[in-house]
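Reader: Could you take me through one part of this structure up close, the place where the ligand sits? I'm in my first year, so please explain the terms as you go.

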Amino acid sequence: MKIGVIKEIEFGERRVALIPEVVSRLVKNGLEILVESHAGEASYFADSTYVEAGATIVTDKATLITESDILLKVGAPREEEVDMFRSGQITIGFLNPLGRPELIRRLANQGVTAMSMEMIPRSSRAQSMDALSSQASIAGYKAVLVAAAALPKYLPMLTTAAGTIPPAKVVVLGAGVAGLQAIATARRLGAQVEAYDIRPAVREEVQSLGAKFIDVILQEDTTASGGYAKEISEAAKQHAQTVLAKHIKEADIVITTAQVPGRKAPVMVTEAMIAQMRRGSIIVDLAGEQGGNCEGTVAGRDVISHGVTIISPINLPASMPIHASQKYAKNLLNLLNHLIKKGELHLDFEDDIISSTCVTHAGAILNQRVKDAIAQLVPN
Ligand code: NAD
């Protein structure tokens, strides 16, 4: 079985789907690996290192695509790549199936089996394949570094001959994967950290990282399955904002990471709250591409509001391409090991990892949410 690694060409994407270390593991398992030339260059993996690991470098994209049984990418395939796909091939990557239903419809029409890394379930069985989490953790770490670099202050407490500097105050809103890593990173940099999440179950995790959990008592059920949150009522949102306003007012840095899957990001920081913050303070809103947790957020831009800089970075994992590619490649290795036994592909649709992740197969769209999104499109 041949596995092809396509070079990422989206602007700003520096990750690669497989790194040489993972290539050598797959080669040992009897698989043949083709890598598009320079695929690893932006993440500092030279073609020669893939060759040493047992891969074949292919200069022509069309040849790589034609010869491969499984095509790996980080992002979704581009139109011109999809044109080259053939029926029966498998493509795996972050396909954004709910955001790009037209792409999924095309892949189904071409008879391609599409596996979307966003759809890996958040279960302990699938943890080693959970690329959304491996990448979100990088985003949480980097969000704090971005904030620290922009903050016109120190983060740690410093006692110097010129006086004592108190630690910076960091508030993290949403303590899921990215939020917990942001808390840990801010603590390592010496900041005083407070955090809030609507799921009360995360209180202990927040506290174990040395942060204070902000108590907001909500009279409703806030927890969905798989470690995700439910959307809360307007009244509950108002109540949370009233409690949070006092903490945000005192913060030097606010990192927001709140999301409810499939929904627009909840607005947690209003303009009125920002107006109360000290000038020079920093907000990093990781949910910018889902509409933002903060009023005034513009995804991919820095916005100054009442003297506070709101930064909403896009694709932070791509800014750390070595480790981001390493983690993503390990997630893919574990998925491939799950799919391929003794060199043979086994697509067992009774298995929830495969049934959740596989969005198209044999011409059909398999996921109901994707089907609903496609139903909204103009027929082709
Ligand atoms: P996650 O689901 O693990 O965590 C989100 C947390 O938000 C959950 O713990 C949930 O309980 C909490 N939450 C939901 N609604 C809330 C509310 N109203 N109040 C308080 N908490 C609430 O998600 P994640 O994987 O950590 O990702 C977090 C965000 O970061 C997402 O929007 C994701 O798209 C984004 N992200 C951005 C980048 C980037 O580069 N910009 C990279 C990766 C992830």
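Author: Let's start with the ligand and its surroundings, then look at a few other parts of the protein.

A quick note on the ground rules: this is a predicted model, where local features need pLDDT of at least 70 and side-chain atom pairs count only at pLDDT 80 or more, while totals for chains, interfaces and linings use all residues. Residues are numbered from 1 along each chain as its sequence is written, and side-chain values use heavy atoms, with hydrogens and water left out.

Now, the ligand. There are 28 residues around it, and Arg-122, Ala-178, Asp-197, Arg-199 and Leu-316 come nearest (a residue is near if one of its heavy atoms lies within 4 Å of the molecule). Sorted by type, this shell has 19 nonpolar, six polar and three charged residues. For that sorting, Ala, Val, Leu, Ile, Met, Phe, Trp, Tyr, Cys and Pro are nonpolar, Asp, Glu, Lys and Arg are charged, and the others, Gly among them, are polar. Two helices, α6 (131-150) and α7 (177-188), each supply at least two residues of the shell. Helices (H or I, at least four residues) and strands (E, at least two) are DSSP runs, numbered from the N terminus.

Next come the polar atoms. A polar side-chain atom of Arg-199 sits 2.7 Å from an oxygen atom of the ligand. The backbone joins in too: a polar backbone atom of Pro-313 is 2.8 Å from a ligand nitrogen atom, and a backbone N or O atom of Asn-315 is 3.2 Å from a ligand oxygen atom. Taken alone the ligand exposes 860 Å², and the protein buries 92% of that (areas by the Shrake-Rupley method with a 1.4 Å probe; for residues, only the protein chains shown count as cover).

Stay with Asn-315 for a moment. You'll find Asn-315 in the loop between β15 (308-311) and α11, and its phi is near 55°, a positive value in a residue other than glycine. Asn-315 counts as partly exposed because its relative accessibility is 28% (buried means under 20% relative accessible area, exposed over 50%, partly exposed in between, with a 1.4 Å probe and protein chains only). Tyr-44 also has a positive phi, about 70°, although it is not a glycine. With 59% relative accessibility, Tyr-44 counts as exposed.

Helix α11 also turns up in the largest nonpolar core, where it gives the largest share, seven residues. A nonpolar core is a set of buried Ala, Val, Leu, Ile, Met, Phe, Trp, Tyr and Cys residues joined through side-chain atoms within 4.5 Å. This one has 41 residues, and Leu-18, Ile-33, Leu-72, Ile-92 and Met-117 touch the most other members. Apart from it lies another core, of 30 residues, including Val-170 and Leu-180.

One last stop: Thr-256, in strand β12 (residues 253-256). At 0% relative accessibility, Thr-256 counts as buried. Its side chain makes a polar contact with the side chain of Asp-285, at 3.0 Å. A polar contact is a pair of N or O atoms within 3.5 Å; within protein, one must be able to donate a hydrogen and the other to accept it, and residues adjacent in sequence count only if both atoms are side-chain atoms.
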